[in-house]
Amino acid sequence: MASSSSGSSTATTLTGNSGSSGEDLQALMEERKRKRMASNRESARRSRMRKREHSDELMATVTRLQKQNHDMVAAVNFTAQHLLDVEVENSVLRARVGELSRRLESLNEIIGFLNDNESARLVECNEPGVDTFNLAYLNQPIMASPDNMFQC
């Protein structure tokens, strides 16, 4: 726009410097200046609005990302707690497996002992008056004291 104003001043010098045309030119330049200032103000207003909208969008993005971050932290904490619970349960189950394995081993030893001694007892209990087919003691629960368990 600066070139058009300089072009107008050149045109006025060519036509002459009459008083009324100088005032018209001055008024025209003032009008152009007002229009330019109004245009600049409107452009600045639009720029501020765009800047404000961009700032609002950024703030909305920050809020959304903070919420996502909070949700993810909560999910990670929940998963970590669940992992700890599963590890504790796994430890308990491993201990129980060990205990049950030891019990099974002890019971298998007792069964092996009973099977090894059963033939010896049948030979010992083969005296007259002893019922060799009554082996009900094999179905009895295991007692803490084996002293009276193997009597005929």
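This report describes the salt bridges, accessibility and surface charge of a predicted protein model.

**Overall architecture**

The protein contains two helices and zero strands. Of its 152 residues, 5% are buried. The accessible surface amounts to about 13000 Å², and carbon and sulfur atoms account for 58% of that area. Helix α2 spans residues 19-124, and the residue pairs discussed below are placed within this helix.

**Salt bridges in helix α2**

Side chains of opposite charge can pair when their charged atoms come close. Across the whole structure, a search finds five salt bridges. Three of them, including their closest N and O atom distances, are listed here.

| Salt bridge | Closest N and O atoms | Spacing in helix α2 |
|---|---|---|
| E42 and R45 | 2.3 Å | three residues |
| R46 and E42 | 3.7 Å | four residues |
| K67 and D71 | 3.0 Å | four residues |

**The network around E42**

Salt bridges link E42, R45 and R46 in a network. E42 takes part in both contacts, pairing with R45 at 2.3 Å and with R46 at 3.7 Å. The latter distance still qualifies as a salt bridge because the cut-off is within 4 Å between a side-chain nitrogen of Lys or Arg and a carboxyl oxygen of Asp or Glu. The helix brings the partners into register: E42 and R45, three residues apart, are separated by about one helical turn, and R46 and E42, four residues apart, are likewise separated by about one helical turn.

How accessible are the members of this network, E42, R45 and R46? E42 is partly exposed, with a relative accessible area of 30%. R45 is also partly exposed, at 36%, and R46 falls in the partly exposed class with 41%.

**The pair K67 and D71**

A further salt bridge joins K67 to D71, with the closest N and O atoms 3.0 Å apart. Both residues lie in helix α2 at a separation of four residues, about one turn of the helix. K67 counts as exposed at 52% relative accessibility, because the threshold for that class is over 50%. Its partner D71 is partly exposed, with a relative accessible area of 38%.

**A positive surface patch**

Which residues form the positive surface patch? The patch consists of R32, K33, K35 and R36. Among them, R32 is located in helix α2. At 31% relative accessibility, R32 counts as partly exposed. R32 therefore meets the accessibility requirement for patch residues, which is over 30% relative accessible area.

Definitions and conventions. Residues numbered from 1 in each chain as written. Predicted model: local features only at pLDDT ≥ 70, side-chain atom pairs only at ≥ 80, totals over all residues. Heavy atoms only, no water. Buried < 20%, exposed > 50% of the residue type's maximum accessible area, 1.4 Å probe, protein only. Areas by Shrake-Rupley, 256 points an atom, 1.4 Å probe, with all protein chains shown as cover. Patch = residues over 30% accessible without salt bridge, like charges linked within 9 Å, V, L, I, M, F, W, Y side chains within 5 Å. Lys, Arg positive; Asp, Glu negative; His and termini not counted. Charge placed at Lys NZ, Arg CZ, Asp CG, Glu CD.
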